[in-house]
Amino acid sequence: MKENVDPKYADIVKEYIADMEGSNVKLDSEKTVAILKAGLKERKGKYILIFRYQLV
């Protein structure tokens with residue numbers, strides 16, 4: 001999955017998502033997902049959050 005990130009929040013998002021990698025998150029739909037891999041990519045001044053998850 002890919003999501004755009006405002007450049008002024010890039011460092012905060014990078015730290016936050018690094019802490020979430022390997023953890024389980026309960027969604028509003030009551031389903032639980034495992035965050036498998038996550039990272040922030042920068043290209044031409046734009047930041048994109050890329051992550052993989054799996055329903056548990």
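**Pocket, strands and core**

Me: What volume does the largest pocket have?
Reply: The model is predicted, with local features needing pLDDT of at least 70 and side-chain atom pairs pLDDT 80 or more, while totals for chains, interfaces and linings use all residues. Residues are numbered from 1 along each chain as its sequence is written, and side-chain values use heavy atoms, without hydrogens or water. A pocket is an open set of points on a 1 Å grid over the protein atoms alone, where a 1.4 Å probe fits, with protein on both sides within 12 Å along at least five of seven lines. Joining points across faces, edges and corners and filling them with probe spheres gives the largest pocket a volume of about 160 Å³.

Me: Which element gives the most to the lining of the largest pocket?
Reply: Lining residues have an atom within 4 Å of a point; here they are K37, A38, G39, L40, K41, I50, F51 and R52. Strands are DSSP E runs of at least two residues, helices H or I runs of at least four, numbered from the N terminus, and β3 and β4 are the elements giving two or more residues to this lining. With five residues, the most comes from β3.

Me: How many bridges pair β3 with β4?
Reply: Strands pair if DSSP finds at least two bridges between them. In the antiparallel pairing of β3 (residues 32-43) and β4, G39 stands opposite I50. The hairpin has two residues between the strands, and K44 takes a positive phi near 55°. The number of bridges between β3 and β4 is 10.

Me: Which residue of β4 is the bridge partner of N4?
Reply: Strand β1 (residues 2-5) runs antiparallel to β4 (residues 46-55), joined by four bridges. In β4, the partner of N4 is I48.

Me: Which element gives the most to the largest nonpolar core?
Reply: A nonpolar core joins buried Ala, Val, Leu, Ile, Met, Phe, Trp, Tyr and Cys residues through side-chain atoms within 4.5 Å, buried being under 20% relative accessible area with a 1.4 Å probe, protein chains only. The largest core has 10 residues, among them A38, L40 and F51. At least two residues each come from α1 (10-20), β3 and β4. The most, four residues, come from β3.

Me: Is E21 buried or partly exposed?
Reply: E21 lies in the loop between α1 and β2 (24-26). Beyond four places away in sequence, E21 touches (heavy atoms within 4.5 Å) I35, L36, K37 and A38. Partly exposed covers the range between under 20% and over 50%; because its relative accessibility is 37%, E21 counts as partly exposed.
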